[in-house]
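Hi,

Here is the model I promised to pass on. Have a look at it first, and my notes follow underneath.

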Amino acid sequence: MSKQRIVVVGNGMVGHKFIDNLINHEDADNYDVITFSEEPRLAYDRVQLSAYFSGSTAEDLMLTSEGYYQENGVNYVLNDKVVSLDTSAKKVVTASGREEAYDKLVLATGSYPFVPPIPGKDQEHCLVYRTIEDLEAITASAKESKTGVVVGGGLLGLEAANALKNLGLQTHVVEFAPRLMAVQLDEGGGELLRSKIEALDVQVHTEKNTKEIVAGENARYRMNFADGSFLETDMILFSAGIRPQDELAREFDIKIGERGGIVIDNNCLTSASDVYAIGECALWDGKIFGLVAPGYQMAKVALSHITGGSEQFEGADMSTKLKLLGVDVASVGDAHGRTPGCRNFVYQDTVNEVYKRINVSEDGKTLLGAVMIGDVEAYGTLQQMCVHGMALPENPEALILPAVDGDAAAVGMGVDALPDSAQICSCYEVTKGQISCAVQEGAHTIGDVKAATKAGTGCGGCVALATQVMNAELENLGVEVNTDICEHFAYTRQELHDLIRIGQIRTFEELIEKHGKGHGCDICKPTVSNMLASLWNDYILEGSHAGLQDTNDYFMANMQKNGTYSIVPRIPGGEITPQKLIVLGQVAEKYKLYTKITGGQRIDLFGAQQHELPLIWKELIDAGFETGQAYGKSVRTVKSCVGSTWCRYGVLDSVGMAIRIEERYKGLRAPHKLKFAVSGCTRECAEAQSKDIGVIATETGWSLYVCGNGGMKPRHADLFAGGLDDETLIKYIDRVLMFYIRTGDRLQRTSVWMDNLEGGLDYLKSVVIDDKLNVAEDLENDMQRVVDKFHCEWKATIEDPEKVKRFRTFVNSDANDNTVHFVEERKQIRPATEEEVVKFVDASSEVEPA
Amino acid sequence: MSWETICDAADIGNGLGVRALLNGEQVAVFRFDGKLFALDAIDPFTKAAVLSRGILGDLKGQLVVASPIYKQHFNLETGQCLEDDSVSLKTYAVREEAGKVQLAA
C-alpha cells in the first residue's frame, strides 16, 4: 500500500501537536507528512512567549527541533508560505513556487494580531506581540523608548504590559471596554485587577477609543482619544485581540464564517473534502478558540478522523487561571452570570485584595461560573464542578469563603464528588482515576504522583487539585503516611532542622535528649550531623560529631566495594595548573592508585587504604589542594565550559563565575549532593540544565536554572530568572540553597523537593525573588555564616596527631589489610574479583610453608 | 583465658569503632552506651573488612552496627544480622583493664 501524503500548513503549537501525535501513532508508517511554515523556525511555545523577556532564548521556547523531525521522517519547509490551494487537484503551491500534492490537507495557520484601523498605526514604533521576531522588534524599540502603551486590556494585552514593564518602560494600558479582561471578568473582578495593576505602576486607561496616532510633543507619538483626551508615548504595542488566519481558505472557496474563521464540523473537516482546519484558524459552532488546549484537542480529533478513529470535537471549556503582572486571576465557565435566572455569591476582601464570585443556577444546584482575583486556590475544584455539572454543597458560599481552622476541607470537599473520568491535568490529560490508581500503586507523595502520571508537570496549574485527589485517595486507602525520620525522632527532617536552628542545638546528644529517644541509628545520626554542619559548620570529627558520620564522612573519602577509599581533591570550575596535575600524577604513582576523570571535571584517585589517607592528603595539601567533599551530601563541583576568555562564541566568563560559585559554596552540606554548572553561552557545553543549580550566560546577563539532575531519573532544570548581574545571581543561589537545606527531606534531591513544594516553581520564585515569607535576609545570613566558617577538613585533620591516629588500619599492628587484593588491568590497578581472591589466598598458603 | 591488649582505652571513643588483628583475624571493637563490644570485622555480604567503620545505633531495643557498604545491621552482643536470620558474626570477649582494652586470645 502506498503511503498517504499529509500536508500540514503552518507549524505553530497546534500544527506541531498534530505532527507529534502522528509520529507517535501506531499507524504512523502509513503516512508521509510535510509541513510548511512562513516563520524561520519550527514550532515554539507561544504561551510562554513573555518568558523571552525574563531571560529565555528562542531555543528555550522551542517545542521541537529539526533533528527530531528528521529522525522521524517529517519533511519541513521553513520561510515558505503556502499561497495557493487547489482542492480539486488536491495540491498546494508556496510563495517560492513549490507544488505539493496531498491526500489530506491540514490547515493550522493560526491567527494574527488584530490592529484596529487607526490612522497612524503603521509607524515605526507601532508593533504587535505574536512571534519571536515581534519580540526582537519590541526589545529593539524599547532601547530607544521611555514610555510604552499597550492597546488592549485583555489577557494578552496584560502579558504584553508585563513585558514592557520588564523592559524598563513607563507602561500604560489603553482599553476600549469599561474594564480589564472584559471577556473573562465581571465588574468587581476587573476593578480589583485594575487597582492591583496600578499599584505596580502600570497606568490603566479604560473606555478609551483611539482616534489617531500623531507626532507627540514630549514623546515620539501622541494618541488622541475620541473623548478629547490624549496620551503621549514612545512606542505602541497592539494587543487588541486575534483574527483567524483564514486567507488561504477564503481565497480558494472553503467555507468561512461571517466574521472570519474556517468553518469545521465535529471531525474538524472543512467544507472541502479531505481538508481539515485546527487551532485558532478554525471556527466551530460559530466560535474561535483562542487557547492552546482546544487547539490540541482539535489536532487529536483531526488525526483520529484521518486514521479511522471516532473522536469528536465537542467544544472546549474556556476556563483560565493565570498570573498577570504577578496577580493571580481565574475565570471559570459563565463568569459574567449571563445564564438566565443566574444567582451569585460574592466574597470581597479589600484588606488582602481578594475578590471571588460564583454564579449558580436558579435552583441553586449547579455551578455556572466563577471569577477569582488574588486568591485562586479554589480554581481546580470550581472548574471541575462546573465542567461536570456536579451538585453544589448545601452552602455554596463555603466554596469561596476563606477556610478557617477546622474547616479547611471546605474547598477540598469537591474532590470526593468528582467522577473518575474528571480530567485533573489538562496538559497531559490525566484523569482523577489515573491519579487514584497511581496512589494505590504506591505513589504517596505529590512528587511520586507527578513521576507516575505526568500530572502537574506541564503548566503546573493543577498541582493543588492533584494533591487533593492524592490525599483523598490516601485517606480512602487508610494509609497513614509516616514521615518520621526513624524510630528515634518523631519528626521530619524539616521539623528537626527547625528544632536545631531555633533551639541553637550544637550536638546530637542535646537533640536526642530534648526531642528524641534511644541512641540513634545509621539513619538519624548522619542526617543530624549533616544538618549541624549546614547550620554551624563545625569540624565534623570534633568530639561527639565523629560517631555520627557515615564512613565516607568519617574518613573524608569515598569507600569502594573492597573497603578501600577514593580521593577527590577540589578542582574549582575544572581549572587546574599543569604543576598541580603533575602532583596528582606523582601521588597516584607513589601510592599505586587507580586514576579516573570524574563527570564533574575532577580527578578521582582510587584504592587507598585508610591508613594511607592522611599521608596522601599531607602531600596534596602541601601542593595547595583542598578537600573536594566528594564524600559528603554536599556541594560537589561546579562544571564549566571555557567561556568568553577563549571560546569564539562565549558571551561571559563562565570559568570565572564557576570558580567564584564553587569557592563560595564548597563543602556546603545539604539534604543530598548538589551539582552545579556554568555555561558561557546558550550552546550550553557545560550542560547546566541538568544540574541542581545551572547558570547560563546570555547577552542580557546570567540565566539561572534550578532543580535539574542527571542520574536515574534525569530532569531538566527550570528557568528561574534571567538577565541577572553577578551579585543578584549569587543572592538568588544563596536563598534557593538555604531554603532547600531548611525544608528538603532526607536524601531528597532538589528536583523532587521542588515537585513537592505546593506551588512548585512559582512558589519557589515567590519565596526567593519576591520574599513572600520574609525570610530572604535570614537565608542569606545563614549562608554567610556557613561560608565564613569554611575550613578544609583534611587540613584540620592532618594538623592534629590524635585525629590522624584514627586512620590506623589496625590499632595493634602495622600490617596491611589482607582482604584487599588488586590486579592489573589496562596498566592500572583494580579490585580483584572473588575468584581471583581465592587464587591469591591459595597461592600465598602454598608459598608460606617454604 | 588469656587476654591480649590491643590499645589504650582512650583510643576508642564512645560511639566509635577500631580494628584489631588477633591471631591473624580482623576484629572490630566498639565502645557504645558505656560498654565494649567485639565482632568479626569482615562484612559477610561483601567480604570486605569494613564493620569497624559502621555507624552504631539501636534498633527495636538492640544495640547494632550498620555495615557501611549495604547497610545491613548486626547485633553488637550476639553478632546476629537483623536482615538475614541465617547470617551471624563471630563475637569476641573484650574488656577494659587498667586503662587498656583487651581481647580474649
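Val151(A) has Val174(A) as its bridge partner in β11(A). This is a predicted model, by the way, so please read everything below in that light. The two strands involved are β10 (residues 147-151) and β11 (residues 170-174) of chain A, which run parallel and share 5 bridges.

They belong to an open sheet of 5 strands in chain A, with parallel pairing and the order β9-β16-β10-β11-β12. At the edges sit β9 (126-128) and β12 (202-205) of chain A, each with a pairing partner on one side only. From one strand to the next, the twist averages 25 degrees.

Two helices are worth a look against that sheet. Helix α4 of chain A (residues 132-143) packs on it and touches β9, β10 and β16 (235-238) of chain A. The direction of α4(A) makes about 145 degrees with that of β9(A). Helix α5 of chain A (residues 155-166) lies across β10, β11, β12 and β16 of chain A, and its angle to β11(A) is about 165 degrees.

Over in chain B, I looked at a hairpin. Strands β2 (residues 16-22) and β3 (residues 25-32) of chain B pair in the antiparallel sense, over 7 bridges. Leu16(B) stands opposite Arg31(B) of β3(B). Between β2(B) and β3(B) there are 2 residues, and Asn23(B) in the turn has a positive phi of about 50 degrees. Is β2(B) mostly covered or mostly open? Mostly covered: 6 of the 7 residues in β2(B) are buried.

Now for where the chains meet. On the chain A side 25 residues are in contact with 26 residues of chain B. Helices α16 (524-536) and α17 (551-555) of chain A each supply at least two residues to that side. By type, the chain A residues touching chain B comprise 8 nonpolar, 11 polar and 6 charged.

Finally, confidence. Chain A has a mean pLDDT of 89, with 97% of its residues at 70 or more. Two stretches to treat with care are residues 405-412 of chain A, where the pLDDT is below 50 and the model shows 10 contacts beyond near neighbours in sequence, and residues 846-850 of chain A, also below 50 but with 0 such contacts. Where pLDDT is low, the predicted coordinates should not be read in detail.

Shout if anything looks odd on your side.

Cheers

Terms used. Residues are numbered from 1 along each chain as its sequence is written. Chains are lettered from A and ligands numbered from 1 in the order in which they are written. This is a predicted model: local features need pLDDT of at least 70, side-chain atom pairs count only at pLDDT 80 or more; totals for chains, interfaces and linings use all residues. pLDDT is the predictor's confidence in each residue, from 0 to 100. Two residues are in contact if their C-beta atoms, placed from the backbone, lie within 7 Å. Helices (H or I, at least four residues) and strands (E, at least two) are DSSP runs, numbered from the N terminus. Ala, Val, Leu, Ile, Met, Phe, Trp, Tyr, Cys and Pro count as nonpolar, Asp, Glu, Lys and Arg as charged, and the others, Gly among them, as polar. A residue is buried if 20 or more other C-beta atoms lie within 10 Å of its own, exposed if 12 or fewer, and partly exposed in between; C-beta atoms are placed from the backbone. Two strands pair if DSSP finds at least two bridges between them. Axes are lines fitted to C-alpha atoms, for helices over the stretch in contact, and angles run from 0 to 180 degrees between N-to-C directions.
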